[in-house]
Amino acid sequence: MSFRSVKPSRMALTLVVCCVCLVLSSMVLYVHDDLGWGSQSGLDLLSRGFDGENGRYLGNLLVLGLTRSQLFKTLFMGICLTLMTLLPAMNAPHERRTGAMLLMCCLMGALPTNIARQTLGWVSGFANYGTSATLIAAFLLPALALVSDFDPARAPRPAWWPALFVLGLAGALLMENVTIFFCVVPLGLYLYGLRRGVRAHGMLLCSLGAVCGAALMFSNSVYGVIFSGGDSYGRTISLLNAPLQALAACWNTFATDMVYPFLLDCIPMLLAFSVALLAQAVRERGANRSRLLAAARYYCICMPLWPIVQKLHPLYAPLRAYTPHLTAALCLLYAVSLGVVLLLSFPQGATRRRCLLLYLSVFVLVAPLSAVTPVGGRCFLPSYVIMALLCTLLMQEAFAGARLPHAHAALALVACFYAALWLHVYYFNARTQAERLAYLYEQVEQGAHSAVIAELPYPGYVWIASPYDPSEAMTFKRFYGLPEDLELTVISYPEWYTLRESK
């Protein structure tokens, strides 16, 4: 496809998405341990090669740069956000690409705050998880092209082999579950390709790069401490316990820490899956399909009712203390049912292989998380991007050939709504940050020994943006060049607003 063949509307959409992402990234604040990484303690970690901290060497180096340059932070985060939004849409056929881009914009705009506050609202989190999501989105372009028909011409060409090796190496130096992904998935594609008569050496090199990265990552001494159960951050590995204890621990982690950021907080995406599966069921009305497929499909269609009920009635707990386990069982059944739908809905062919590759990729990313603690919303940004791509693919298959003259306009309107929401939230947080810093510097100039600092107006969209304890307060003061003996008291945003208006 030549540059001239790209529709002007698609080029304009790409430019708008890029601009929105850059503006949004420019308003991302430095919070929580960003302040430590951006000060002397970050350089101290670098001087000892991050030994005893973690083996996420690429992520650590990125954090050191991102917390020292507003320009680098804006460009890096803005480009990554643009790529993780638009790259998945490049897997769609040329004639459906605009719709795929708009749907991806909507789904990324609907990113749950539980995930966003620990990634987009936390530079240190984004350096690992946002970068991981971007690299996985880039990897899936050649991977999905390969599984479409296993034509040797679809295999990555030799000119791309070094890039795939570097991609695997870089992906393995960000997060441990992403390391597993880049070791396992490309190797699986290479081996499956051999069965189909295709030697996809680029995939093998990608896996080899990841293995090299894994060897470097796990050479860090902190993993020996974690395996011995003595990590100061409370990081544990459930698989080190006896089999039954390990299984129970994995289930508890899944039920208490994973089901909401992974599935139940993603209500717009779940509804989009339901719409796609319902449209598919209507198109196949009268076809001789198995009862298992019908049951699995209609369970997936109806399952979003449970998180909606929980949102509307948060005190509803039909099984009392065991309700989280019921919720986890419903989510696990949803995952199994979706797998059944993908296996049985499509005939042997490209669509089924592409869907199953995305489905298994999510499994490879998410399953290892149940065996470790702690697990936060940030861990699910890469899997969310893959699920958004899977949802986009299913929607396009369900509505292929249908006349929907106003669909693009409706999707564009939803995307604009989400863009306005995120820009509004981050603008007011950034403005309040500038105001409270100006107030603190003013108090210091006046010789004050104590001062108040306001919470942000939207604290739920960032990760610990105010110094609530003495240790955080000391790091905050050092990062912003405030006197260490200045006593800080955090007040609510309404109190700050009243104080500011009274002057």
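**Entry 1: F139**

I began with F139 in this predicted model and looked up its contacts beyond four places in sequence. F139 touches L167, F181, F182, V185, P186, L189, M203 and C206. I then asked which residues of the largest nonpolar core touch the most other members. They are F139, F182 and Y426, in a core of 160 residues. F182 therefore appears twice in my notes: it is among the contacts of F139, and it is named with F139 in the core.

**Entry 2: V147**

I turned next to V147, which lies in helix α8, spanning residues 123-149. Is V147 buried or exposed? V147 counts as buried because its relative accessibility is 3%, and the cut-off for buried is under 20%. I listed its contacts, again without the neighbours within four places in sequence: L189, A350, R353, R354 and L357. L189 is also one of the residues that F139 touches. For R354 I looked up the separation from V147: the two stand 207 residues apart along the chain, yet their C-alpha atoms are separated by 6.3 Å.

**Entry 3: helices α14 and α15**

Finally, I examined helix α14 (residues 267-283) and helix α15 (residues 291-302). Their axes come within 8 Å and cross at roughly 140 degrees. I noted the crossing as left-handed. Which residues make the contact? From α14 they are S274, L277, L278, Q280 and A281; from α15 they are R297, Y298, C300 and I301. Sorted by class, this contact has six nonpolar residues, two polar residues and one charged residue.

Note on methods: Residues are numbered from 1 along each chain as its sequence is written. This is a predicted model: local features need pLDDT of at least 70, side-chain atom pairs count only at pLDDT 80 or more; totals for chains, interfaces and linings use all residues. Side-chain values use heavy atoms; hydrogens and water are left out. Axes are lines fitted to C-alpha atoms, for helices over the stretch in contact, and angles run from 0 to 180 degrees between N-to-C directions. Helices (H or I, at least four residues) and strands (E, at least two) are DSSP runs, numbered from the N terminus. A crossing is left-handed if the near helix is turned anticlockwise from the far one by less than a right angle, and right-handed if clockwise. Contact means heavy atoms within 4.5 Å. Ala, Val, Leu, Ile, Met, Phe, Trp, Tyr, Cys and Pro count as nonpolar, Asp, Glu, Lys and Arg as charged, and the others, Gly among them, as polar. A nonpolar core is a set of buried Ala, Val, Leu, Ile, Met, Phe, Trp, Tyr and Cys residues joined through side-chain atoms within 4.5 Å. Buried means under 20% relative accessible area, exposed over 50%, partly exposed in between (1.4 Å probe, protein chains only).
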